[in-house]
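Open the model in your viewer and keep the sequence panel beside it. The stops below say what to select and what is there.

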Amino acid sequence: MPFPRFSPPAPERGGGAPAPSGVGVSVQEADVTPASPPAAVQVRKATVRDVPTMASIINHWASQGIMLAKSHHQLYQYIRDFVVATHGDAVIGCGALHVVWEDLAEVRSVAVMKEWHGKGVGRLMLAHLLDEARDLGLPHVFALTYRQAFFAHAGFRVVSHESLPHKIWGDCLNCPKFPNCDEIAMTLDLSPDDSEDSIDEPQEE
Ligand SMILES: CC(C)(COP(=O)(O)OP(=O)(O)OC[C@H]1O[C@@H](n2cnc3c(N)ncnc32)[C@H](O)[C@@H]1OP(=O)(O)O)[C@@H](O)C(=O)NCCC(=O)NCCS
């Protein structure tokens, strides 16, 4: 017996069209000037050799409480979810697309080295991850984040936590903040003409 279907969330704060720059963003977020990354910045699939740098970038931000920490073990385990941004031989950012169900994937662990912020590196990785989602035939992606403006620029809209299927919270059980998650839930529909107007709740195994 399938779980009840969940209606697509109504737009809330920041919903609908991407928020204009500087609107509804924290002071910390507002001083980023949009830019294009240098041509030398590339995005490719991650390899196991990238894991130490990925861990260092992610856990730098995690130590400041703005994203979830990842162990080396978790990064090796999910290495096929990850892309990295490179400049020459150096890894300067990473991000992941994690498939949850037939119609839903999570964009997560998107992080860029501080000195590369505001240069379009995050946007480049996000575009790559969204292309992967489209190639996989996924109609919806979501993110749990404190960086609302970054995702809003890519067309994500804020939704209530309750509108997301229960299945996604499995990964949250080990989070120190569980069950009081204060991250902002955001979704993006990749197939706007899709006649399906809801996200299927995955069945429990
Ligand atoms: C969030 C993060 C990944 C963005 O990467 P970035 O390379 O600095 O972002 P970009 O330069 O590609 O910016 C992309 C767009 O988002 C906007 N943007 C990015 N960061 C922003 C911020 N902090 N505040 C407001 N707007 C922001 C840019 O203006 C740009 O807009 P445009 O597409 O209209 O040009 C990066 O700041 C980061 O690593 N933050 C710490 C880790 C984190 O919070 N990750 C998110 C957890 S999922």
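The expected span of a helix is 1.5 Å times one less than its number of residues. Helices (H or I, at least four residues) and strands (E, at least two) are DSSP runs, numbered from the N terminus. Select helix 3, residues 121-135, to apply this. Helix 3 has 15 residues, and its first and last C-alpha atoms are 21 Å apart, close to the 21 Å expected at 1.5 Å a residue.

Some housekeeping before going further. The model is predicted, so local features need pLDDT of at least 70 and side-chain atom pairs count only at pLDDT 80 or more, while totals for chains, interfaces and linings use all residues. Residues are numbered from 1 along each chain as its sequence is written.

**Whole chain**

Colour by secondary structure. The protein has four helices and seven strands, in the order β-α-α-β-β-β-α-β-α-β-β from the N terminus. Of its 205 residues, 35% count as buried (20 or more other C-beta atoms within 10 Å of the residue's own, with C-beta atoms placed from the backbone; 12 or fewer is exposed, and in between is partly exposed). Two residues are in contact if their C-beta atoms, placed from the backbone, lie within 7 Å. Among contacts with a separation of 6 or more, 74% join residues 24 or more positions apart.

**The sheet**

Now show only the strands. Two strands pair if DSSP finds at least two bridges between them. The seven strands form an open sheet of mixed pairing, in the order 1-2-3-4-5-7-6. Its edges are strand 1 (41-45) and strand 6 (157-159), each of which pairs on one side only. From one strand to the next, the twist averages 30°. (Axes are lines fitted to C-alpha atoms, for helices over the stretch in contact, and angles run from 0 to 180 degrees between N-to-C directions.)

**Strand 5 and its neighbours**

Select residues 140-145, which are strand 5. Are its residues buried or exposed? Six of the six are buried, so strand 5 is largely enclosed by the rest of the structure. In a regular strand the side chains alternate between the two faces of the sheet. Here His-140, Phe-142 and Leu-144 are on one side, with Val-141, Ala-143 and Thr-145 on the other.

Add strand 7 (residues 184-189), which pairs with strand 5 in the antiparallel sense over six bridges. Val-141 has Leu-188 as its bridge partner, and His-140 has Asp-189. Strand 7 also pairs with strand 6, antiparallel over three bridges; there, Val-159 is matched with Ala-185.

Next add strand 4, which is parallel to strand 5 and joined to it by three bridges. Ala-105 stands opposite Val-141.

**Back to helix 3**

Show helix 3 between these two strands: strand 4, helix 3 and strand 5 make a right-handed β-α-β unit. (Right-handed means that, with the strands pointing away from the viewer, the path from the first strand over the helix to the second runs clockwise.) Helix 3 lies across strand 1, strand 2, strand 3, strand 4 and strand 5, at about 30° to strand 3. Its buried residues include Leu-126, Leu-129, Leu-130 and Ala-133. An α-helix has 3.6 residues a turn, so residues three or four places apart point the same way. Step past the end of helix 3 to Gly-137, whose phi is positive, near 80°.

**Helix 1**

Select residues 51-62, helix 1, which lies across strand 2 (82-87), strand 3 (90-101) and strand 4 (104-112) and runs at about 80° to strand 3.

**The core**

A nonpolar core is a set of buried Ala, Val, Leu, Ile, Met, Phe, Trp, Tyr and Cys residues joined through C-beta atoms within 7 Å. The largest one has 50 residues, and Met-54, Cys-94, Met-125 and Met-186 have the most contacts inside it. Helix 3 gives the most to this core, with seven residues.

Centre on Cys-94: among the residues that it touches are Met-54, Ile-57, Phe-82, Val-84 and Ser-109.

Finish at Ser-109, in strand 4. Its phi is near 55°, a positive value in a residue other than glycine. Ser-109 is buried, with 24 other C-beta atoms within 10 Å.
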